[in-house]
Amino acid sequence: MSKSIILLTISCLLWFAPARAEQVGAQIYDNQCKSCHGSEGLALDTPILHGQEPAYIVKSLQAFKKEIRKDQIMGSMNTIAASLSLDDMKAVAHFLAGQDSCDIKLEIDYSREGFRDEFSRGRQKYAESNCSHCHSSFHHYAPRIIGQKPGFLTRALEQFRTGERVAPMMPNLLRSWTDDDYRNVVSYLSGMRLMRACGSGH
Ligand code: HEC
Ligand code: HEC
């Protein structure tokens with residue numbers, strides 16, 4: 001084989017390898033994840049994964065696979081993650097990280113009575129509690145939670161409070177919170193979706 005053919009082959013491989021991983025990731029998502037995590041699963045308390053940190057997605061899938069984290073909502077994540085190889089996890093995480101979370105047709109009723117008040121109290125509580133120290137900088141693998149579904153946030157916080165979901169820092173931080181604090185912070189975090197990223201069409 002001549003030198004130029006070898007070089008051509010190598011550059012084709014380099015060109016196709018990431019494209020293939022992208023395709024594999026999209027396929028896994030369409031066939032195995034979309035029904036629960038996409039707009040189709042809006043009514044379920046599943047987390048939105050579009051635009052999530054890829055390393056957090058991989059870490060969570062590994063935790064489900066090893067049963068360090070249990071899917072407390074439907075029990076499905078443990079079985080699904082067990083069937084994925086590390087390469088599958090990386091491919092789907094890479095695909096999801098590149099998706100726009102505004103494509104998930106989540107609607108928040110901003111005109112609901114009390115929303116504005118909850119939002120501003122929630123913003124204050126979130127700032128006082130220094131939550132963004134980890135959640136805005138991926139410190140300690142803390143996931144993005146701004147714009148997350150309110151139903152999932154409420155459940156996740158409740159699971160930390162009761163100890164059903166184990167995470168080293170979360171229970172201590174939330175110990176002194178009242179029910180109102182939880183509700184306000186959830187309204188703030190989910191409400192930030194419209195204010196920041198998705199425009200007024202959402
Ligand atoms: C039958 C519904 C269902 C399907 C299908 C499903 N999931 Fe999930 N997934 C859930 C639920 C419910 C949770 C929340 C579990 C909990 O926190 O107790 C979850 C949580 C997750 C989390 C944790 C995210 C976070 O913010 O903590 C990741 C990552 C995830 N799923 C990835 C996937 C991937 C990748 C697929 C496809 C290979 C998939 N899921 C398929 C229901 C599903
Ligand atoms: C010291 C770092 C740190 C701080 C500060 C912190 N968190 Fe977290 N948080 C984490 C980590 C790490 C996880 C992921 C745990 C896991 O992998 O299951 C997490 C997970 C979460 C989740 C679940 C999200 C998901 O997608 O599964 C919510 C909701 C959350 N935190 C809210 C908060 C709130 C509200 C505050 C402020 C009181 C806060 N966190 C402060 C580190 C932190």
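Two residues are counted as in contact here if their C-beta atoms, placed from the backbone, lie within 7 Å. On that criterion, and leaving aside its neighbours within four places in sequence, Tyr-29 is in contact with Lys-34, Val-92, Phe-95 and Leu-96. The model in which these contacts are found is a predicted one, and Tyr-29 serves below as a way into one of its cores.

The secondary structure of the chain consists of nine helices and zero strands, and the pattern along the sequence is accordingly written α-α-α-α-α-α-α-α-α. Of the 202 residues of the chain, 23% count as buried. Among the contacts between residues at least 6 apart in sequence, 75% join residues that are at least 24 apart.

With that outline in place, one can return to Tyr-29. The largest nonpolar core has 16 residues, and those that touch the most other members are Tyr-29, Ile-57, Leu-61, Val-92, Ala-93, Phe-95 and Leu-96. The elements that give two or more residues to this core are α1, α2, α3 and α4, and the most come from α4, with six residues. A second, separate core of 11 residues includes Phe-119, Ala-156, Val-185 and Met-192. As a general background to such cores, nonpolar side chains in soluble globular proteins tend to be buried together.

Among the helices that contribute to the largest core, α2 can be followed in some detail. The helix α2 has 12 residues and reaches 17 Å from its first C-alpha to its last, which is close to the 16 Å expected at 1.5 Å a residue. Its buried residues are Ile-57, Ser-60, Leu-61, Phe-64 and Lys-65. Seen down the axis of α2, these buried residues fall within an arc of 140°, and they therefore line one face of the helix. The partners against which the buried residues of α2 pack are α3 and α4 (86–97). Just after α2, Glu-67 takes a positive phi of about 60°.

The helix α2 also takes part in the surroundings of ligand 1. Around this ligand there are 21 residues, of which Cys-33, Cys-36, Pro-47, Ile-73 and Ser-76 come nearest. Two or more residues of this shell are given by each of α1 (3–37), α2 (54–65) and α3 (76–82), with α1 giving the most, namely six residues. By residue type, the shell around ligand 1 divides into 13 nonpolar, seven polar and one charged.

Ligand 2 has its own shell, of 23 residues, in which Ser-129, Cys-131, Cys-134, Ala-142 and Ala-167 come nearest. At least two residues of this shell are supplied by each of α6 (132–135), α7 (150–162) and α8 (170–174). The residues of the shell around ligand 2 divide into 16 nonpolar, six polar and one charged.

The loops on either side of α6 repay a look at their backbone angles. In the loop between α5 (115–128) and α6 lies Asn-130, whose phi is near 60°, a positive value in a residue other than glycine. Because Asn-130 has 10 C-beta neighbours inside 10 Å, it counts as exposed, the cut-off for that class being 12 or fewer. In the loop between α6 and α7 one finds His-140, which has a positive phi of about 55° although it is not a glycine. His-140 has 11 C-beta neighbours inside 10 Å and therefore counts as exposed.

Conventions. Residues are numbered from 1 along each chain as its sequence is written. Chains are lettered from A and ligands numbered from 1 in the order in which they are written. This is a predicted model: local features need pLDDT of at least 70, side-chain atom pairs count only at pLDDT 80 or more; totals for chains, interfaces and linings use all residues. A residue is near a molecule or strand if its C-beta atom, placed from the backbone, lies within 6 Å of it. Helices (H or I, at least four residues) and strands (E, at least two) are DSSP runs, numbered from the N terminus. Ala, Val, Leu, Ile, Met, Phe, Trp, Tyr, Cys and Pro count as nonpolar, Asp, Glu, Lys and Arg as charged, and the others, Gly among them, as polar. A residue is buried if 20 or more other C-beta atoms lie within 10 Å of its own, exposed if 12 or fewer, and partly exposed in between; C-beta atoms are placed from the backbone. The expected span of a helix is 1.5 Å times one less than its number of residues. The arc is that of the directions from the helix axis to the C-beta atoms. A nonpolar core is a set of buried Ala, Val, Leu, Ile, Met, Phe, Trp, Tyr and Cys residues joined through C-beta atoms within 7 Å.
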